[in-house]
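Okay, thanks everyone, I'll keep this short. Let me put the structure up and then walk you through the metal sites.

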Amino acid sequence: MKNGEICNYVYCCVLFRFHVLSLDLSYTIPEEGNISSYIGNVANDSSLNQSLNVSERNNMKYTILDADEFSYISKRLDRESLQECEFSTSCDLPIDIVAQSIIGTFFKKIKVKITITDINDHEPKFPESSMSLELSEAFVVGSSSPIVGAVDMDSGDNAVQKYSLKPKDTPFTLNFVKYVDGSSSVSLVVSKKLDRETVDGYQLQILAEDGGNPKFTGTLDLTVIITDINDNPPLFNQSTYSISVREDTAVSSTVFNVKATDPDLNKNGMVTYKLSPHQSDNIKQIFAVNRSTGSIFTLKPLVYTPGEPYKIIVEANDGATIP
Ligand SMILES: [Ca+2]
Ligand SMILES: [Ca+2]
Ligand SMILES: [Ca+2]
Ligand SMILES: [Ca+2]
């Protein structure tokens, strides 16, 4: 057989084999593997040589041109900084490797998929390490306030799995929602009635924990300020006072000081006094009350009438627009 005829036979054989063989390969390696770590034997795993019969194998061998016969990691791979893996739960790097027949100039492209598996090398991180939140004491049990959750660059179990709240004996719990892009949000839920007049603020810690081994935790220091509503009326120390005053008390003299307190804040707790409109005109003509101090003083001379004491009704109001 002439040389030219042999070449034509080999050429046809090579084309046929490439068409029927599935040469795609898959390897799985962890991210951050050491340089020179072994990945796989592309020459063997591609089955280019093994799938040929013995006589063919003697004549047909392939060399891997743009990679070694064996593949190794040539640089550290950080899954979280690979564009292909962004916002994805799987991380596959497609690589084309070219094989060349050693007895000809025939080439074959081998598609290799290298899956980079995640390791837990990031901790959950809140956008800010501390923040403050104002909550009205009017918030009913079950209402919630959203908080921007922690971000963990890792995926799957290595991402944020749960949140916890410290300390435990507060009127709050947490509600955790996880999104497909790996981010999450957490809401502070009011679990018991708030009362600013009892506790006007809380210093909390929200902990975000991933599911890696070992686990990592991110912490947010959260200051909750309870804002006021006008939920308390002014209250007098006593509902009724009984006092005796001399008849010759000089006009404009203070005969008594009433005192009411209101535990609310600012205007909601600012007490002013006035005579109630629900009493006789005679009382209104003889007595007056200092609006801010509660001092009851006389406007006219007093007249002693046996069995008929003066009955003065004083009102206390707070300064809230809506009482
Ligand atoms: Ca993590
Ligand atoms: Ca990772
Ligand atoms: Ca009040
Ligand atoms: Ca209040």
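So, before I start: when I say buried, I mean under 20% relative accessible area. And keep in mind that this is a predicted model.

With that cut-off, Asp262 is buried, and Asn268 is buried too. Both of them are donors to the calcium ion that's ligand 3. Asp262 appears with two OD atoms, while Asn268 gives its backbone O. The rest of the protein donors there are Asn230 through OD1, Asn232 through O, and Asp264 and Asp318 through OD, with distances of 2.2 to 2.8 Å. If you like patterns, the spacing of those residues is N-x1-N-x29-D-x1-D-x3-N-x49-D.

Now over to ligand 1, also a calcium ion. Its protein donors are Asn120 (OD1), His122 (O), Asp152 (OD, twice), Asp154 (OD), Asn158 (O) and Asp210 (OD), at 2.3 to 2.7 Å. The spacing here reads N-x1-H-x29-D-x1-D-x3-N-x51-D. Asn120 sits in the loop between strands E6 and E7, and Asp210 is in strand E12, so that pair ties together parts 90 residues apart in sequence. And are those two buried or exposed? Asn120 is buried at 14% relative accessible area, and Asp210 is buried at 0%.

Last stop, Ser143, in the loop between strand E7 and strand E8. A polar atom of the Ser143 side chain is 2.6 Å from the backbone oxygen of Val140. Leaving out residues up to four places away in sequence, Ser143 touches Leu188, Val189 and Val190.

How values were computed: Residues are numbered from 1 along each chain as its sequence is written. Chains are lettered from A and ligands numbered from 1 in the order in which they are written. This is a predicted model: local features need pLDDT of at least 70, side-chain atom pairs count only at pLDDT 80 or more; totals for chains, interfaces and linings use all residues. Side-chain values use heavy atoms; hydrogens and water are left out. Donors are N, O and S atoms within 2.8 Å of the metal (3.2 Å for Na, K and Ca); water is not among the atoms, so sites may look incomplete. Buried means under 20% relative accessible area, exposed over 50%, partly exposed in between (1.4 Å probe, protein chains only). Helices (H or I, at least four residues) and strands (E, at least two) are DSSP runs, numbered from the N terminus. A polar contact is a pair of N or O atoms within 3.5 Å; within protein, one must be able to donate a hydrogen and the other to accept it, and residues adjacent in sequence count only if both atoms are side-chain atoms. Contact means heavy atoms within 4.5 Å.
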